[in-house]
Amino acid sequence: MTHRLSGTIALAAFLAAGPAKSEGPVDALMIAPIPESPTTLTVWTFLPGNYDAGAEVYAQVVAGFQALHPNVTVDLVDMPYPTYFDGIRNAIVAQSGPDVITMYGAAQAFSYRTGLFPLQDVIAPDLRGTLRFLPENYSSDGNLYVLPVGQYGYTLLANRDLFAKANVDPVAALSNWQGMLDACRTLSDAGVQPFASGWRDGYLLETFVYMISSQLMDDAALQRFVSRDLQMDDPVFVSTVGHVLEMRDAGCFGGEEALGRTMFDDMTNQYLAGQAAMLAVGTINTAIYVADSQPNSTVLPLPMVPGAPNGAMIDAGAEAGWSITRWTQHPEAAVAFVNYLASPEVQKILAEKIDVPSNITGATVSATDPLRADYLALLSLPDNHTGFAAIPLTVLAVIERNAVPLMAGTMTAEEFVQSMQSAFLRTR
């Protein structure tokens, strides 16, 4: 998954004002035949633009749906990610716009709930029990506002050439947490920056919060977090922040120059230029793109932190979800379309043509190279889960704003955790 990181600060005013509430033209969704009269279904998404062949592949998906339902025309609008959620917020305030949208689950979908229908009762019978990552996509009110499709998973890319420069075996070094910290020191002593890093936009700190907090949540804790019973001052998050600072103190992130770098651009370019030994990535797509420039890269998991209650795992979840707006005039077609998008047939197309692994239990994809094989093996670990979607957007805004002070040492870990907790308590 290329993005998954919303522009969160602008959401504060939206949440405070509270968009106009409307039940839309229907009180509830149901699985029902699509009317025979001509129907146009408007779909807003940012997903096609994430991939080189995205426009072509999603056009194929739309064509497949229209072949099954000739009376339905799907107008799929590929929108730029930076302004996408502004458009969604405006549509919710107006209670007018698309019928189906791309959305993330849990706390993030909950922030947009006045514009979305719950979907838990309209999942197609043949999909029930087969979709992975459903529990963590529920919102704290007990509703499922998105039908999740595809998988992402956070892993590390390691440049074997740079590890060799420091006489370190990356596989052995990253087999445990202390080994990774020791490797950071050894790489630094050899003049190699361990992790490509930048903190200005806060996204890298969010990434490590996802990766480490997921390790520290067993299934019961994850459910508590989704339902808001586990808060941001819980030991899970106190320990998470402490482990990120352990990495900082071991020299994993380089010097002060990292405080001025962003994540998506500067950090990736740093790894591409051979100036850092490791890079945190969230998708196979990114890994393949980066490995084209650094072909001696290998995929490895972030080592498990001490005391993690899970077995070997990575932070992994649904790439994105599909939601139905409350004002749709075509509920039957909208329900059919989101179920079609989550179907094994469509997910197979996405997996084979744009490297979005299926989140259908038991789905298999043939790896065409070792990098893909290693990544898919990590995605298949049975203990994988994520708390990402359950972190309220207001909390993410605080993490983004305070990343540089925390990493620079001008904000204590205690102050940072309290800032997250205060934002959490303000979230309705």
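What follows is a walk through a predicted model, from its sheet to a cavity and then to a group of helices.

Let us start with the sheet. Five strands form an open sheet in the order 2-1-3-8-4, and their pairing is mixed. The edges belong to strand 2, residues 72–78, and strand 4, residues 147–153; each has a single partner strand, so one side of each is left without a neighbour in the sheet. If you look along the sheet, you can follow a twist that averages 20 degrees from one strand to the next.

Away from those edges, the order places strand 3 beside strand 8, and this pair is worth a moment of your time. Strand 3 covers residues 100–103 and strand 8 covers residues 316–324; the two run antiparallel and are joined by four bridges. To find the register in your viewer, pick out Ile 101, which stands opposite Ser 323 in strand 8.

Now for the empty space inside the model. Searching the whole structure turns up three cavities of 30 Å³ or more, and we will visit the second largest, which holds about 90 Å³ of space. Which residues lie nearest its centre? They are Ala 107, Ser 140, Val 226, Arg 228 and Ala 390, out of a lining of 13 residues. By class, that lining has nine nonpolar residues, three polar ones and one charged residue. Helix 4 (106–110) and helix 9 (219–226) each supply at least two residues of the lining. Of these contributions, helix 4 gives the most, with three residues.

The last stop is helix packing, with helix 2 as our guide. Two packed helices are described by the angle between their axes and the distance between the axes. Take helix 2 (residues 54–68) and helix 13 (residues 331–341): their axes come within 11 Å and cross at roughly 130 degrees. That angle makes helix 2 oblique to helix 13. As for handedness, helix 2 passes helix 13 in a right-handed crossing.

How does the picture look for helix 14, at residues 344–354? The axes of helix 2 and helix 14 come within 11 Å too, and they cross at roughly 160 degrees. Angles over 145 degrees count as roughly antiparallel, and helix 2 and helix 14 are therefore roughly antiparallel to each other. Here again the crossing is right-handed, as helix 2 passes helix 14. With helix 2 as the reference, then, helix 13 is an oblique partner and helix 14 a roughly antiparallel one.

Terms used:
Residues are numbered from 1 along each chain as its sequence is written. This is a predicted model: local features need pLDDT of at least 70, side-chain atom pairs count only at pLDDT 80 or more; totals for chains, interfaces and linings use all residues. Side-chain values use heavy atoms; hydrogens and water are left out. Two strands pair if DSSP finds at least two bridges between them. Axes are lines fitted to C-alpha atoms, for helices over the stretch in contact, and angles run from 0 to 180 degrees between N-to-C directions. On a 1 Å grid over the protein atoms alone, a cavity is a set of points where a 1.4 Å probe fits but cannot get out, and a pocket is an open set with protein on both sides within 12 Å along at least five of seven lines; lining residues have an atom within 4 Å of a point. Grid points are joined across faces, edges and corners, and a volume is the space filled by probe spheres set on the points. Ala, Val, Leu, Ile, Met, Phe, Trp, Tyr, Cys and Pro count as nonpolar, Asp, Glu, Lys and Arg as charged, and the others, Gly among them, as polar. Angles under 35 degrees count as roughly parallel, over 145 as roughly antiparallel, 65 to 115 as roughly perpendicular and the rest as oblique. A crossing is left-handed if the near helix is turned anticlockwise from the far one by less than a right angle, and right-handed if clockwise.
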